Amino acid sequence: MELRQDKAAYSCSLCSLQKDQEWFWKCRCCDAISMCPRCAPVPPEPVFGVSAAFALGVFPDLARDHLVRYGSGSSNPNFYEIAPVLAYGPNGLGYGKTCPRDGKPNCSLVDAVHETHRGKVTHFVSWCW
């Protein structure tokens, strides 16, 4: 989904209301799907995420290595097997690193990856890993 800022007329795919005064979410691959900010809220502050290059190029090998070292070693792990090994806890990528946004110990996965692989979110990709 892409956040559209052109305030074009659209019909929300969830609530069916006709809109033309607000920003809205639009599916990049299917122009028929749109969502209004009431059904899919637009965050007031910039939200940070990882790049597609990280998700597709770096993450698979990184996840496999972490799972072999700290996890189950499953050849096809699911989210619930990956998250505690890579995203949080003592083996997570951000564990032991100072958060650049609040200065507290330990940081999120997005703050732990190299700065070339993080930035303001422009698209939401569900279950990409």
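**Contacts, core and sheet in a predicted model**

Leaving aside neighbours within four places in sequence, Asp111 is in contact with Cys99, Pro100, Arg101 and Arg118. This residue has its place in helix 3, and Asp111 is buried, with a relative accessible area of 11%, a value that falls under the 20% limit below which a residue counts as buried. The structure described here is a predicted model, and its confidence should therefore be considered alongside its geometry. The mean pLDDT of the protein chain is 80, and 84% of its residues reach 70 or more. Within the protein chain, confidence is highest in helix 3, at 90, and lowest in strand 1 (residues 2-4), where the mean is 72. Where pLDDT is low, the predicted coordinates should not be read in detail.

The largest nonpolar core has 13 residues, and those with the most contacts inside it are Phe54, Phe59, Ile82, Leu86, Leu93, Leu109 and Val113. Two or more residues are given to this core by each of helix 1 (52-70), helix 2 (79-86) and helix 3 (109-112), and helix 1 provides the largest share, with 4 residues. In soluble globular proteins, nonpolar side chains tend to be buried together. For Val113, when residues up to four places away in sequence are not counted, the residues touched are Val50, Phe54, Leu93 and Arg118. Arg118 thus appears in the contacts of Val113 and also in those of Asp111.

Helix 2 has Ile82, Ala83, Val85 and Leu86 as its buried residues, and what covers them includes helix 1 and helix 3. An α-helix has 3.6 residues a turn, so residues three or four places apart point the same way. Val85, placed in helix 2, counts as buried at 8% relative accessibility. Apart from its neighbours within four places in sequence, Val85 is in contact with His66, Leu67, Tyr70, Gly71, Asn91 and Gly92. One of these residues, Tyr70, lies 15 residues from Val85 along the chain, and the C-alpha atoms of the two are separated by 6.3 Å.

At the start of helix 2, a side-chain oxygen of Asn78 reaches to within 2.9 Å of the backbone nitrogen of Tyr80. Tyr80 also takes part in an aromatic pair with Phe79, which is edge-to-face, with 5.5 Å from centre to centre and 85 degrees between the planes; a search of the whole structure finds 2 aromatic pairs. The partners in this pair are described separately by their accessibility, as Phe79 is partly exposed, with a relative accessible area of 28%, whereas Tyr80 is exposed, with a relative accessible area of 66%.

The strands of the model include 3 that form an open sheet in the order 1-4-5, with antiparallel pairing. Strand 1 and strand 5 (34-35) stand at the edges, and each has a single partner strand, so that one side of each is left without a neighbour in the sheet. Strand 4 (residues 24-26) pairs with strand 5 in the antiparallel sense over 2 bridges, and Lys26 stands opposite Ser34 in strand 5. A careful reading of this sheet should keep in mind that strand 1 has the lowest confidence in the protein chain, at a mean of 72.

Technical notes
Residues numbered from 1 in each chain as written. Heavy atoms only, no water. Core = buried A, V, L, I, M, F, W, Y, C linked by side-chain atoms within 4.5 Å. Buried < 20%, exposed > 50% of the residue type's maximum accessible area, 1.4 Å probe, protein only. Contact = heavy atoms within 4.5 Å. Polar contact = N/O pair within 3.5 Å; in protein donor to acceptor, adjacent residues only side chain to side chain. Phe/Tyr/Trp six-rings, centres within 6.5 Å; stacked < 30°, edge-to-face > 60°. pLDDT = per-residue confidence, 0-100. Pairing = 2+ DSSP bridges.
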